[in-house]
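Please explain how the helices and strands of this protein are arranged with respect to one another. An account in running paragraphs would be suitable.

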Amino acid sequence: MNDKELALKIIELTGSKENISSVRHCATRLRLVVKNKDKINVKAIESLDKVKGSFFNSGQYQIILGTGLVNRVYDEVIKVTGEEGNNNDEKIVYGNKFQRTIRTFSDVFVPIIPVLVATGLFMGLRGLLTQEAILHLFGLTTKSVPTNLLTFTQVLTDTAFAFLPALVCWSTFKNFGGSPVIGIVLGLMLVSPSLPSAYDVGSGAAKPLMFFNFLKVSGYQGSVLPAFVTSILGANMEKWLRKRIPDALDLILTPFLTLLIGMTVALFAIGPVLHTVETGVLFVVEKLLQLPLGLGGLLYGSFGQLLGIFGIHHILNFLEISMLANDGWNYLNPIGTCETLRRQVLY
C-alpha cells in the first residue's frame with residue numbers, strides 16, 4: 001500500500017472527508033479532529049499496513065504512523081480534504097477550554113521542533129569537532145581553526161534561535177488563520193537589528209531604548225511567549241480588518257495596520273509584561289529541577305506523565321524551546337527520557 005492509498009483508506013475509515021473538521025500532524029502522528037467520532041472504524045484503521053496504533057487525546061483522533069511517513073500521508077490527506085486545520089469547527093469539538101488552549105501550544109510549536117532539533121545537532125557537532133582532543137588527532141589546535149570556518153558553524157548553530165520569534169509568529173499566524181508572511185515579518189521586527197539585542201542587554205554590553213522616560217525596550221531574541229501572544233492578536237486583527245476594509249484597499253491597509261498595531265502593542269504593552277512572566281516561569285522550573293538530592297527530578301519524573309494523561313503535556317514544548325533559546329540546555333528532556341526508558345524496562 002503506497003502513501004496515497006493509505007491516506008485514502010484512512011479518510012474512508014474515518015467517515016469520509018465530510019467528517020473531518022481539521023488535519024494536522026506532529027513528528028509521528030496524523031492528528032484529526034472529526035465531527036462525529038462514532039463514524040470512525042478504529043479497528044480497521046489500526047489493522048492497516050504501516051499504521052502502528054491510534055488513540056483519542058484532547059479531542060483529536062491521533063493515528064501513529066512514524067517519522068517521515070506521517071509527513072507524506074499528511075500531504076496526501078490534505079489533497080483530498082483541502083483542510084489544514086484552520087477550520088473554526090475545531091474550537092467547538094472536543095476537550096474543555098483549558099485542554100484546547102494547551103493543544104494550541106502543540107499546534108504552534110510542533111512544526112518548529114524539527115528545525116530546533118537540527119540546530120541542536122549542529123551545536124553538538126560543532127562542540128565535538130572544536131574540542132582540543134579531537135583537533136589534536138589531526139595535528140590542530142583551537143587557534144589553528146580558520147575564523148571563516150567558525151563563522152560558518154555559527155550560522156548553522158545560532159540562526160534558528162536568533163530568529164525564534166519569527167518562527168513562532170509564522171506558525172501562530174498559520175494556525176490562527178492569518179497570513180503567514182505577515183507573521184514572519186512581525187516576528188522579524190521583534191528581533192530587528194535596530195533594537196538592542198536581548199542578549200546584549202542581559203549581559204550589560206548594551207542598554208535598552210528608553211521611551212517616555214520609564215519604558216525600556218529591547219529585542220526579543222530567544223523569547224517565545226511575547227511572539228506567541230502578539231501573533232494571536234495579530235492574526236485575529238488581520239481577519240477582523242479584512243472583513244471591514246474595502247477590497248480596493250485591503251492589499252495595502254490590512255498588512256499595514258496589522259504590522260503597525262501588532263508591533264506597537266508588542267513593544268510597548270504585552271511584550272515587556274510577557275517577557276517578565278516567561279523569565280519568571282523558567283526561573284521557577286529550573287530552580288525546581290535543581291532541588292538538592294535529586295528531588296526536582298523525582299517530582300517531575302513522578303508527575304510529568306500525568307500531563308500526558310490529561311492531554312496538557314504540550315505545554316512542555318513552550319518550556320523546552322524557551323530553555324534552549326535562553327540557556328542552550330533542555331533540562332526537562334533528560335529526566336523525561338530516563339522515565340521513558342524506565343517504563344520500557346518495566347513493561
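At roughly what angle do the axes of helix α5 and helix α7 cross? The model discussed here is a predicted one. Two packed helices are described by the angle between their axes and the distance between the axes. For α5 (residues 113-129) and α7 (residues 147-162), the axes cross at roughly 150° and come within 8 Å. The crossing in which α5 passes α7 is left-handed.

The contact can be followed residue by residue. On the α5 side, V115, L116, T119, F122, M123 and R126 take part, and they meet L150, T153, Q154, L156, T157, A160 and F161 of α7. By character, the residues of this contact comprise eight nonpolar, four polar and one charged.

Attention may now turn to the strands. Four of them form an open sheet in the order β1-β2-β4-β3, and their pairing is antiparallel. The edges are occupied by β1 (20-25) and β3 (53-57); each has a single partner strand, so one side of each is left without a neighbour in the sheet. From one strand to the next, the twist averages 20°.

The pairing at β1 can be described further. This strand and β2 (residues 29-34) are joined in the antiparallel sense over five bridges. Within this pair, I20 lies opposite V34 of β2. Helix α3 (residues 69-81) packs on the sheet and touches both β1 and β2. The direction of α3 makes about 155° with that of β1.

Terms used. Residues numbered from 1 in each chain as written. Predicted model: local features only at pLDDT ≥ 70, side-chain atom pairs only at ≥ 80, totals over all residues. Heavy atoms only, no water. Axes fitted to C-alpha atoms, helices over the stretch in contact; angles between N-to-C directions. Helix = DSSP H or I, 4+ residues; strand = E, 2+ residues; numbered from the N terminus. Left-handed = near helix turned anticlockwise from the far one by under 90°. Contact = heavy atoms within 4.5 Å. Nonpolar A, V, L, I, M, F, W, Y, C, P; charged D, E, K, R; others polar. Pairing = 2+ DSSP bridges.
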